[in-house]
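Hi,

Here is the structure I promised to send over. Have a look at it first, and then read on for my notes.

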Amino acid sequence: MNELNRALKQKLIQFMRREGVDLRTDTKARGNLGLFSENRIDIHRKLDDEKFIEVLLHEYAHLIHKSLENDMAKTGGHLEVLFDLSDISLIKEELINVTCLVDENALLKKFESKKYACKIKIKAYENLIKKEYPDFLKSKPFKPFEKYIKHSDARFLLRYDKVKIVTPFLRREKSYSIENLEKDFPKMPRSFGLYIKICSLTRKSKNLQKRKNKLKKYYERPSELFARFVQGFFKHSDEIPRIAPVTYSRFCELLENGYYGRLSKVIAFLSENSL
């Protein structure tokens with residue numbers, strides 16, 4: 001299989017270049033797996049043969065998309081244009097399913113896992129604090145803590161996990177962190193230290209949600225949905241018609257009618273040289 005992938009990779013590279021694509025295979029793609037810019041495609045030189053083919057198809061789909069929407073890199077494109085339809089609600093739903101099939105990172109499971117871990121720790125710390133302060137609620141002011149923290153440098157850790165403080169006159173530096181909380185503040189009551197850790201975990205959970213939302217927005221950009229559909233056309237040719245029947249049918253119709261330009265040649269080439 002490796003030899004077949006290697007042979008297909010070389011044939012595909014030659015085919016793309018004959019089609020006029022400025023294909024670079026000896027770069028780091030600016031830290032990405034692949035990169036499309038104008039008529040140039042960069043593929044990271046360290047990808048294995050199968051992944052190389054997938055990424056090349058993904059980036060080539062961006063090239064085709066640009067021929068339909070010249071400003072797609074800026075706007076993210078429009079599914080209405082990509083599929084020449086006014087109602088694309090079902091197509092979008094199917095494309096999201098295809099994206100999750102092609103790229104498991106699109107499921108964003110790691111964010112949910114990390115958020116759940118934060119939730120479990122927060123609950124455990126709350127229960128420990130309640131043993132000393134039965135009326136403690138995370139959602140309400142913790143008055144004993146507020147009174148104590150006013151006179152402690154630990155107050156800076158309520159907003160940051162790591163801080164460096166410079167004294168105003170002698171210009172001495174002090175560094176504190178959540179990780180070394182007990183060591184940095186050995187005299188602090190345990191419940192107060194746990195409360196600071198709750199604040200840190202709450203902050204972390206919110207940041208995870210922000211990152212998740214940002215990634216979700218990226219994965220659902222029409223340009224990315226289309227590129228992963230074309231990518232899946234190669235690796236998941238049997239599953240795509242099953243999980244995205246409407247999209248598959250419309251895509252094939254437009255492909256046959258020449259709507260996607262040179263993409264039909266690439267699809268035909270892959271069919272003729274399939275593994």
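To start with, in which helix is the place of Ser 223? Ser 223 sits in helix H10. Before going further, please keep in mind that this is a predicted model.

Ser 223 and its surroundings

Ser 223 has a relative accessible area of 4%, so it is buried. Setting aside residues up to four places away in sequence, Ser 223 touches His 62, His 65, Met 72 and Gly 76. Both His 62 and His 65 turn up again in the packing of H2 against H10, where Ser 223 is listed on the H10 side.

Just before that helix comes Arg 221, in the loop between H9 and H10. Arg 221 is partly exposed, because its relative accessible area is 28%. Not counting neighbours within four places in sequence, its contacts are Met 72, Ala 73, Thr 75 and Gly 76. Met 72 and Gly 76 are also touched by Ser 223. One long-range pair to look at: Arg 221 and Lys 92 are 129 residues apart along the chain, with 10.0 Å between their C-alpha atoms.

H2 and its two partners

Next, the helix packing. Helix H2 covers residues 49-68 and helix H10 residues 222-235; their axes are 8 Å apart and make an angle of about 135 degrees. That angle is why H2 and H10 count as oblique to each other. The crossing of H2 past H10 is right-handed. On the H2 side the contact includes Glu 50, Lys 51, Ile 53, Glu 54 and Leu 57, and on the H10 side the residues include Phe 226, Ala 227, Arg 228, Val 230 and Gln 231. By class, the contact of H2 with H10 has 7 nonpolar, 5 polar and 6 charged residues.

H2 also packs against helix H13 (residues 263-272), at an angle of about 155 degrees and with the axes 10 Å apart. H2 and H13 are therefore roughly antiparallel to each other. Here Leu 57, Tyr 60 and Ile 64 from H2 meet Leu 263, Val 266 and Leu 270 from H13. The residues of this contact are 6 nonpolar, with no polar and no charged ones. Leu 57 is one to click on, as it appears in the contact with H13 and is listed in the contact with H10 as well.

H6 against H9

Another pair is helix H6 (residues 109-132) with helix H9 (residues 190-219), packed at an angle of about 160 degrees with axes 9 Å apart. So how do H6 and H9 lie to each other? They are roughly antiparallel, because angles over 145 degrees count as such. H6 passes H9 in a left-handed crossing. Sorted by class, the contact of H6 with H9 holds 12 nonpolar, 4 polar and 11 charged residues.

In the loop between helix H5 (89-102) and H6 you will find Asp 103. Is Asp 103 buried or exposed? With a relative accessible area of 16%, it counts as buried, because the cut-off is under 20%. Leaving out neighbours within four places in sequence, Asp 103 is in contact with Tyr 219 and Arg 228. Of those, Arg 228 is among the H10 residues that meet H2.

Cysteines

How many disulfides does a search of the whole structure find? It finds 0. Cys 118 is in no disulfide, and the nearest cysteine sulfur, in Cys 199, is 13 Å away. From the other side, the sulfur of Cys 199 has its closest cysteine sulfur in Cys 118, and 13 Å is too far for a bond. Cys 118 has 3% relative accessibility and so counts as buried.

Two backbone oddities

Finally, a couple of phi angles to check in your viewer. Ala 29 is not a glycine, yet it has a positive phi of about 50 degrees. Ala 29 lies in the loop between strand E1 (22-27) and strand E2 (34-37), and it counts as buried because its relative accessibility is 1%.

Glu 38 also has a positive phi, about 55 degrees, without being a glycine. This residue is in the loop between E2 and strand E3 (40-44). At 54% relative accessibility, Glu 38 counts as exposed.

Cheers

Conventions:
Residues are numbered from 1 along each chain as its sequence is written. This is a predicted model: local features need pLDDT of at least 70, side-chain atom pairs count only at pLDDT 80 or more; totals for chains, interfaces and linings use all residues. Side-chain values use heavy atoms; hydrogens and water are left out. Axes are lines fitted to C-alpha atoms, for helices over the stretch in contact, and angles run from 0 to 180 degrees between N-to-C directions. Helices (H or I, at least four residues) and strands (E, at least two) are DSSP runs, numbered from the N terminus. Angles under 35 degrees count as roughly parallel, over 145 as roughly antiparallel, 65 to 115 as roughly perpendicular and the rest as oblique. A crossing is left-handed if the near helix is turned anticlockwise from the far one by less than a right angle, and right-handed if clockwise. Contact means heavy atoms within 4.5 Å. Ala, Val, Leu, Ile, Met, Phe, Trp, Tyr, Cys and Pro count as nonpolar, Asp, Glu, Lys and Arg as charged, and the others, Gly among them, as polar. A disulfide is a pair of cysteine sulfur atoms within 2.5 Å. Buried means under 20% relative accessible area, exposed over 50%, partly exposed in between (1.4 Å probe, protein chains only).
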